[in-house]
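Work through the two exercises below with the coordinates at hand, taking each solution one step at a time.

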Amino acid sequence: MRFAFDQLYTTFAWTYDAVAAAVSFGEWQQWGRAAMPFLARNGRVLEIAHGPGHLHLALRRAGYDVVSIDLSPQMGSVAHRRIAQTGMAPLLARANALRLPFGDRSFACAVSTFPAEFIFAPETLAEVRRVLQPAGRFVVVPMAHLTGRDALTQLIRLAYRATGQAETPVYAARARFEAAGYAFAQHVVTTPRAEVVVWVCLTAAG
């Protein structure tokens, strides 16, 4: 089952939106946008693992200067089509978060929503810190807790566990980010069906 879930990012990327909407009661895009209030309004934003491109579009429409990367060519194609259909030029690149193709201090903020385990890799955390400016922000939306008590919500929670979508305890996340040189804070954004977790990780000033 975990293998099938992983295929949503590659072979079956074209089904990602439908599956994400189903398991979030239609809130998936809203959960991703929970990161936006924590991003600085000034300066460039790097989105890591852009997926089907919804947050990229939301950021562009809100006036952010954003460039987005993803390692999956299938997700890149999905996002490219979605953005191009709006008349905007897709500011996307295929790249690996462990080796970001950007210069030092290129961005004011970085953001990643519902990333895989690569987000905790020491190489990823070091690369993001390298490309962030002093006092830069790395904003991560790692998970959302469904708050309903109905049977369907319970079934979706079971599906999360069956596909290996384990929650990362806040103490474990804090330890990893602080070991990589970030100051760590956890926030919670409430939606009608969930509590969305947002990690805001700051680099040192100067």
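**Exercise 1.** In this predicted model, find how many salt bridges a search of the whole structure gives, and work out which residues are joined into one network by salt bridges that share partners.

*Solution.* The search of the whole structure returns four salt bridges. Begin with Asp104, which pairs with Arg130 at 2.8 Å between the closest N and O atoms; this pair links distant parts of the chain, since Asp104 sits in the loop between β3 and β4 whereas Arg130 belongs to helix α6, 26 residues apart. Next, Arg130 also forms a salt bridge with Glu127, again with 2.8 Å between the closest N and O atoms, and because these two residues are three apart in helix α6, about one helical turn separates them. Then classify the exposure: Asp104 is exposed at 55% relative accessible area, Arg130 is partly exposed at 26%, and Glu127 counts as buried at 15%, the cut-off for buried being under 20%. Turning to helix α8, Glu178 and Arg174 lie four residues apart, about one turn of the helix. Salt bridges with shared partners thus join Asp104, Glu127 and Arg130 into one network.

**Exercise 2.** Determine which strands pair with β1 in the parallel sense, and over how many bridges.

*Solution.* Strand β1 covers residues 44–48, of which four of the five are buried. Five bridges join β1 to the parallel strand β2, with Ile69 as the bridge partner of Ile48. On β4, three bridges make a parallel pairing with β1, where Leu46 stands opposite Ala110. Finally, β1, helix α4 and β2 make a right-handed β-α-β unit.

Technical notes. Residues are numbered from 1 along each chain as its sequence is written. This is a predicted model: local features need pLDDT of at least 70, side-chain atom pairs count only at pLDDT 80 or more; totals for chains, interfaces and linings use all residues. Side-chain values use heavy atoms; hydrogens and water are left out. Buried means under 20% relative accessible area, exposed over 50%, partly exposed in between (1.4 Å probe, protein chains only). Two strands pair if DSSP finds at least two bridges between them. A crossover is right-handed if, with the strands pointing away from the viewer, the path from the first strand over the helix to the second runs clockwise. A salt bridge is a side-chain nitrogen of Lys or Arg within 4 Å of a carboxyl oxygen of Asp or Glu.
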